[in-house]
Amino acid sequence: MVNLEFERPILELQTKIDELRAFSREKRLDLANEIAHLEKRLRELTENIYKNLTPWQKVLVARHPGRPNTLDYINYLFTDFLELRGDRLYGDDPALIGGIARLNSRPVTVLGHLKGKDTQENIARNFGMAHPEGYRKALRLMLQAAKFKRPVIAFIDTPGAYCGMGAEERGQAAAIAQCIQTMLGLRTPVVSVIIGEGGSGGALALGAGDRLLIQEHAVFSVISPEAYATILWNDPARCSEAAQKMKITAAELSLLGVVEEVIPEPPGGAHRNPALAAQYLQEALTRHLEELRSIPEEELLRRRFEKFRKIDDEYLKEGNAN
Amino acid sequence: MVRPIIPESLWTKCPQCNELQLARELKRCLKVCLKCGYHFRLTAPERIQLVLDAGTFQEYDRDLGCVSPFDTPEYKEKLLAARQATALNEAVITGEGAIMGRRVVIAALDIRFVMASMGMVVGEKIVRAIEAACVKRLPLVIFSASGGARMQEGVMSLLQMAKTSAALIALSRSGLLYVSVLTDPTTGGVSASFAFLGDIILAEPGALIGFAGPRVIEQTIRQKLPEGFQRAEFLCRHGFVDMVVPRPRLKATLGQILTLHQEEKSG
């Protein structure tokens with residue numbers, strides 16, 4: 001597992017505990033009290049560090065390769081997952097997966113960007129950066145969901161849409177635009193949750209539904225902090241400052257009214273306890289879906305349009321107020 | 001940072017063939033190079049003047065502004081400079097007028113204004129124009145040009161993609177026509193939202209159109225892009241644009257499309 005610089009005190013203490021445990025086993029000494037004491041300190045230390053993460057540190061946690069990905073959550077949250085592949089136009093994009101599954105025994109359509117856990121997996125999944133085929137597969141599966149009156153649950157976890165020649169030749173911009181518009185007009189409830197990195201239009205393509213939720217240490221931004229710093233200041237090293245300016249953390253997005261709910265993570269982040277992170281996620285998704293299921297279709301769409309229509313209402317001013 | 005697209009000097013050099021031509025002459029030819037046919041970029045006021053019948057334009061929302069938590073002195077300064085250089089309040093002009101006698105709602109983005117990037121004001125003006133088209137039951141014509149999302153406005157600029165796309169659903173459900181005209185350059189958050197959601201999509205010759213800019217792609221794939229990649233003709237060949245229309249024929253083409261969609265008056 002990759003270690004983050006700010007996690008070093010946590011890892012050092014963890015190593016100390018492990019050593020003490022081994023020592024006690026080896027020498028048949030009862031060190032239970034000492035170990036319990038250190039474990040309590042470890043919990044406090046972890047909580048403390050994670051409570052005070054800077055925006056840039058959040059970016060690093062959101063990108064942590066050990067962080068549960070879409071497939072992990074599918075396995076934890078759903079039963080009967082049936083992956084459906086292909087866009088029926090060109091190909092199948094392994095960077096954006098989808099299918100049908102049961103959540104609390106009821107069928108739902110699941111979509112999500114999929115990052116790999118290691119280099120090999122990441123190459124196969126293109127680091128979670130989808131081509132037009134991915135967005136067109138999502139579009140196809142959304143329409144299928146609406147036909148069979150299944151709600152859609154979408155997991156967002158991508159640095160952004162892929163910027164390559166094939167992607168451009170096959171209409172990346174058009175594919176994203178159509179995916180966003182299809183989700184906005186979809187006649188079934190849509191709940192999206194940002195589980196890691198929510199980067200740019202490629203992330204929004206799965207985030208234009210009824211609810212946008214975000215995990216405590218996930219981020220959502222118009223562009224990566226590195227790119228922001230490069231473009232505006234010609235200095236990628238200022239990414240930490242960029243992350244600060246861009247308001248990309250769950251708490252800031254909640255204040256801005258961009259996300260409806262921040263879903264807590266286990267102490268020390270989702271990568272320390274994926275099962276518990278999944279449990280929190282399941283609770284929130286179930287609750288939002290239940291609420292949305294009770295809203296008549298026309299009213300659901302009206303509220304969805306209203307949500308995006310009013311998203312920046314409070315900042316717009318008549319009379320060139322600058 | 002903001003420089004006029006056409007120098008105010010007497011002579012203008014074509015960036016494609018280097019031919020020097022009289023600025024006055026170039027203007028008479030709709031800013032299309034006399035020698036090679038290169039389409040110079042137009043400002044939003046020039047675009048509106050070119051395409052609307054004289055004296056028919058009524059502008060919407062020319063005083064709309066924005067105060068947000070994303071404001072920084074650096075950004076405010078940039079906006080102020082852009083306003084002074086262009087005499088526009090933001091990167092898009094919206095309003096209504098007539099094309100060959102047919103009333104339309106029109107929007108034109110202006111690349112001189114912070115690369116015509118889409119922030120809250122641009123998104124809001126576009127949405128209000130779409131809503132006006134719905135209320136007045138008029139067709140909509142948008143001339144896009146943009147470097148993408150206005151990243152100084154953070155995630156709020158990204159969300160304009162959803163805001164504008166949602167408004168277009170209402171227009172579509174009203175059975176109204178939306179013609180999107182892609183001009184040089186149309187990229188990023190604008191191309192990945194309203195620009196590619198037209199019922200009919202036209203493009204100007206040679207216009208750069210894509211999701212990512214060529215430099216970003218070259219950095220990603222570590223090779224040079226072939227000649228003509230992401231140009232209007234390339235997009236037309238790949239099926240993403242209905243037609244590439246040279247500027248001298250643009251107004252007549254729009255007029256023809258509008259006529260073909262004219263609602264029949266009953267009784």
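Where is the place of A:Thr188 in chain A? In this predicted model, A:Thr188 sits in the loop between α8 (172-184) and β5 (190-199) of chain A. Buried or exposed, then, for A:Thr188? The residue comes out at 4% relative accessibility, so A:Thr188 counts as buried, given that the cut-off for that label is under 20%. Once the neighbours within four places in sequence are set aside, A:Thr188 is in contact with a run of residues made up of A:Ala145, A:Ala146, A:Lys149, A:Arg150, A:Pro151 and A:Val152, and also with A:Asp210, A:Leu300 and A:Arg304.

Stepping back to the whole of chain A, the assignment splits it into domain 1 (5-52) and domain 2 (59-321). Their C-alpha centres lie 36 Å apart. Where the two domains of chain A touch, domain 1 puts in 7 residues and domain 2 puts in 9. About 560 Å² is buried between these two parts of chain A, and carbon and sulfur atoms give 65% of that area. On the domain 1 side, A:Phe6, A:Glu7 and A:Tyr50 do much of the work: they supply 67% of the area that this domain buries against domain 2 of chain A, more than any other three residues.

Chain B is also cut in two, with domain 1 covering 9-40 and domain 2 covering 41-266. Here the centres, taken over C-alpha atoms, are separated by 24 Å. The contact draws on 5 residues of domain 1 of chain B and 9 residues of domain 2 of chain B. Between them, the two domains of chain B bury about 720 Å², with 56% of it on carbon and sulfur atoms. As for who provides the domain 1 share, B:Leu30, B:His39 and B:Phe40 supply 71% of the area buried against domain 2 of chain B, more than any other three residues.

The two chains meet as well. Chain A brings 53 residues to the contact and chain B brings 57. Together they bury about 4,800 Å², and carbon and sulfur atoms account for 69% of it. In chain A, the residues losing the most area to chain B are A:Met165, A:Glu168 and A:Arg309, which together make up 14% of what that side buries.

Chain B also holds an open sheet of 7 strands, in the order β3-β5-β6-β7-β8-β9-β10, with mixed pairing. Because β3 (58-60) and β10 (243-244) of chain B each have a single partner strand, they stand at the edges, and one side of each is left without a neighbour in the sheet. At the β3 end, β3(B) runs antiparallel to β5 (residues 92-99) of chain B, and 3 bridges join the two. Within that pair, B:Gln58 stands opposite B:Glu96 in β5(B).

Helices pack on this sheet. Helix α2 (residues 44-51) of chain B touches β5, β6 (102-109), β7 (140-146) and β8 (178-186) of chain B, and its direction makes about 160 degrees with that of β6(B). Helix α4 (residues 120-136) of chain B packs on the sheet too, touching β3, β5, β6 and β7 of chain B. The direction of α4 makes about 25 degrees with that of β5(B).

Further along the order comes β8(B), which is mostly covered, with 9 of its 9 residues buried. On one side, β8(B) pairs with β7(B) in the parallel sense over 6 bridges, and B:Ser146 has B:Thr186 of β8(B) as its bridge partner. To get from β7(B) to β8(B), the chain passes through helix α5 (residues 154-173) of chain B, in a right-handed β-α-β crossover. β8(B) is also joined by 4 bridges to β9 (residues 200-203) of chain B, and these two strands run parallel. Two of the partnerships are B:Val179 with B:Ile200 and B:Ser180 with B:Ile201.

What about the side chains of β9(B)? In a regular strand, side chains alternate between the two faces of the sheet. In β9(B), B:Ile200 and B:Leu202 point one way while B:Ile201 and B:Ala203 point the other way, and all are buried. β9(B) also pairs with the edge strand β10(B), in the parallel sense and over 2 bridges. There, B:Leu202 has B:Met243 in β10(B) as its bridge partner.

Conventions:
Residues are numbered from 1 along each chain as its sequence is written. Chains are lettered from A and ligands numbered from 1 in the order in which they are written. This is a predicted model: local features need pLDDT of at least 70, side-chain atom pairs count only at pLDDT 80 or more; totals for chains, interfaces and linings use all residues. Side-chain values use heavy atoms; hydrogens and water are left out. Two strands pair if DSSP finds at least two bridges between them. Contact means heavy atoms within 4.5 Å. Axes are lines fitted to C-alpha atoms, for helices over the stretch in contact, and angles run from 0 to 180 degrees between N-to-C directions. Buried means under 20% relative accessible area, exposed over 50%, partly exposed in between (1.4 Å probe, protein chains only). A crossover is right-handed if, with the strands pointing away from the viewer, the path from the first strand over the helix to the second runs clockwise. Domain bounds come from an automatic or database domain assignment. Buried area is the accessible area (1.4 Å probe) that two parts lose on being put together, summed over both.
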